[in-house]
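Here's a quick briefing on where the empty space and the ligand sit in this one. Have a look at the structure, then read on.

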Amino acid sequence: MRVYRPETGKLVRRDEPEPEPQRGEVLVRVRATSLNYRDLLILDGEHFTTGPGGLIPLSDAAGDVVAVGAGVTRFAAGDRVLGNFHSHWIAGRLPETLVGYGNGQDGWLAEYRAVPEHALVALPDSLTYEQGATLPCAAVTAWTSLAGVRPGDVVLTLGTGGVSLFALQLAKQFGARVVATTSSAAKAAKLTGLGADAVIDYRATPEWGQAVLDATGGRGADRIVEVGGPGTFAQSLVAAGTHHAEIALVGFVGADGPPVGFMDLFRSGASLRKIWVGSREDTEDLLRWLAVRPLEPVVDSVHPFDDADGAFERFRSRRNLGKVVISVA
Ligand SMILES: NC(=O)c1ccc[n+]([C@@H]2O[C@H](COP(=O)([O-])OP(=O)(O)OC[C@H]3O[C@@H](n4cnc5c(N)ncnc54)[C@H](OP(=O)(O)O)[C@@H]3O)[C@@H](O)[C@H]2O)c1
């Protein structure tokens with residue numbers, strides 16, 4: 001089978017034997033996989049949990065079950081499946097040990113993968129493989145970041161990355177008012193088209209936290225999906241106002257920014273909740289929601305398996321607007 005592994009920061013295509021499903025495992029014929037920010041960091045050796053290296057990249061995939069090992073009860077050959085981002089977090093609290101795809105164990109940039117049956121969920125017929133493959137990391141993260149958002153709440157999203165676009169789409173479905181930031185007029189138009197109620201250019205308006213207050217009558221956001229980290233947190237805190245907003249701590253795509261003052265945090269009353277994508281139960285809950293409230297994932301481009309380099313370059317360029325997908329036809 002065809003598979004990619006990183007070697008000194010580059011993807012190298014190899015031929016390897018097709019895996020045999022062991023007891024409790026399912027052999028998946030991968031049909032589509034998608035890229036997330038962490039995949040660039042892992043390839044570049046910059047991810048904070050980077051492990052031994054040389055592991056097959058990518059955490060997200062959809063495919064077909066082609067064989068099952070002894071004792072498997074959840075799936076049978078012919079089932080369409082989606083991988084959960086965390087292979088061993090089923091439900092409840094985050095386990096103490098997690099092994100990430102691509103940095104702790106082989107990921108999904110391969111034609112076949114044998115994984116434990118508990119690492120998979122059923123892929124609904126309403127979703128194509130490409131659409132399904134966009135969900136495990138970005139959409140589930142958006143879903144868990146928005147837990148508890150009520151109709152009428154103001155949700156702030158930052159930029160047009162995978163997590164932020166799903167957060168915008170889901171927040172609108174929940175009846176929230178969405179304020180979004182981005183860095184170009186073309187992307188602002190796309191955000192408006194997806195339903196954003198107000199869009200702020202964070203380059204033209206470096207004090208965009210105040211702009212969020214202005215756009216919300218001085219009150220600020222109720223929920224902030226914080227993907228920028230050090231580069232955006234100080235402004236997010238301004239945008240939170242002083243009414244005990246919740247900041248979902250998701251990521252760190254922003255470059256370094258000013259330090260955050262303790263008294264600013266204290267005065268805001270904001271609570272912080274660290275997000276770690278979500279459990280399999282969270283993925284299943286999201287899929288149940290999407291069965292009732294369908295949503296079309298924003299896909300920037302679909303690359304053939306042989307063009308994995310092109311997919312990574314497209315994603316790295318930041319010119320993409322939406323998920324970059326690799327089709328494993
Ligand atoms: N904790 C978790 O569970 C979890 C899960 C998923 C992802 N993450 C993290 O969340 C972050 C986003 O992931 P992703 O896959 O959605 O990333 P992505 O698709 O690579 O996001 C790229 C986008 O980030 C935006 N951006 C960059 N700097 C920005 C800034 N200063 N202010 C606002 N937006 C900025 C840009 O939007 P514009 O082009 O519109 O400016 C860019 O297009 C990453 O740090 C990732 O590691 C964490």
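Which ligand atom does a backbone N or O atom of Val-163 lie 2.9 Å from? An oxygen atom of the ligand is the partner of that Val-163 backbone atom. Keep in mind that this is a predicted model. The ligand site comes up before the cavity and the second largest pocket.

**Ligand contacts**
- Thr-160 has a polar side-chain atom 2.7 Å from an oxygen atom of the ligand.
- Tyr-37 uses its backbone instead, with an N or O atom 3.2 Å from a ligand oxygen.
- As for how covered the ligand is, it exposes 940 Å² when taken alone, and the protein buries 91% of that.

**The shell around the ligand**
- Helix 3 (135-145) and helix 4 (162-173) are the elements that give two or more residues to the shell.
- There are 25 residues around the ligand, and the ones that come nearest are Thr-160, Thr-182, Ser-183, Tyr-202 and Val-277.
- Sorted by class, the shell has 13 nonpolar, 10 polar and 2 charged residues.
- Why does the ligand lie between two domains? Domain 1 (2-134 + 297-327) and domain 2 (140-274) both give residues to its shell, so the ligand lies between them.

**The cavity**
- Searching the whole structure turns up 1 cavity of 30 Å³ or more.
- The largest cavity holds about 40 Å³ of space.
- Its lining is made up of Pro-6, Asp-39, Ile-42, Leu-43, Leu-55, Pro-57, Gly-102 and Phe-312.
- Helix 1 (residues 37-43) gives the most to that lining, with 3 residues.
- By class, the cavity lining comes out as 6 nonpolar, 1 polar and 1 charged residues.

**The second largest pocket**
- About 230 Å³ of space lies in the second largest pocket.
- Its lining counts 16 residues, of which Trp-143, Thr-144, Ala-147, Arg-273 and Asp-282 are the closest to the pocket's centre.
- Helix 3 turns up here too, since helix 3 and strand 13 (271-274) each supply at least two residues of this lining.
- The lining residues of this pocket split into 10 nonpolar, 3 polar and 3 charged.

**Where to look again**
- Helix 3 is worth a second look, as one of the elements giving two or more residues to the ligand shell and a supplier of at least two residues to the lining of the second largest pocket.

Technical notes
Residues are numbered from 1 along each chain as its sequence is written. This is a predicted model: local features need pLDDT of at least 70, side-chain atom pairs count only at pLDDT 80 or more; totals for chains, interfaces and linings use all residues. Side-chain values use heavy atoms; hydrogens and water are left out. On a 1 Å grid over the protein atoms alone, a cavity is a set of points where a 1.4 Å probe fits but cannot get out, and a pocket is an open set with protein on both sides within 12 Å along at least five of seven lines; lining residues have an atom within 4 Å of a point. Grid points are joined across faces, edges and corners, and a volume is the space filled by probe spheres set on the points. Helices (H or I, at least four residues) and strands (E, at least two) are DSSP runs, numbered from the N terminus. Ala, Val, Leu, Ile, Met, Phe, Trp, Tyr, Cys and Pro count as nonpolar, Asp, Glu, Lys and Arg as charged, and the others, Gly among them, as polar. A residue is near a molecule or strand if one of its heavy atoms lies within 4 Å of it. A polar contact is a pair of N or O atoms within 3.5 Å; within protein, one must be able to donate a hydrogen and the other to accept it, and residues adjacent in sequence count only if both atoms are side-chain atoms. Accessible areas come from the Shrake-Rupley method with a 1.4 Å probe; for residues, only the protein chains shown count as cover. Domain bounds come from an automatic or database domain assignment.
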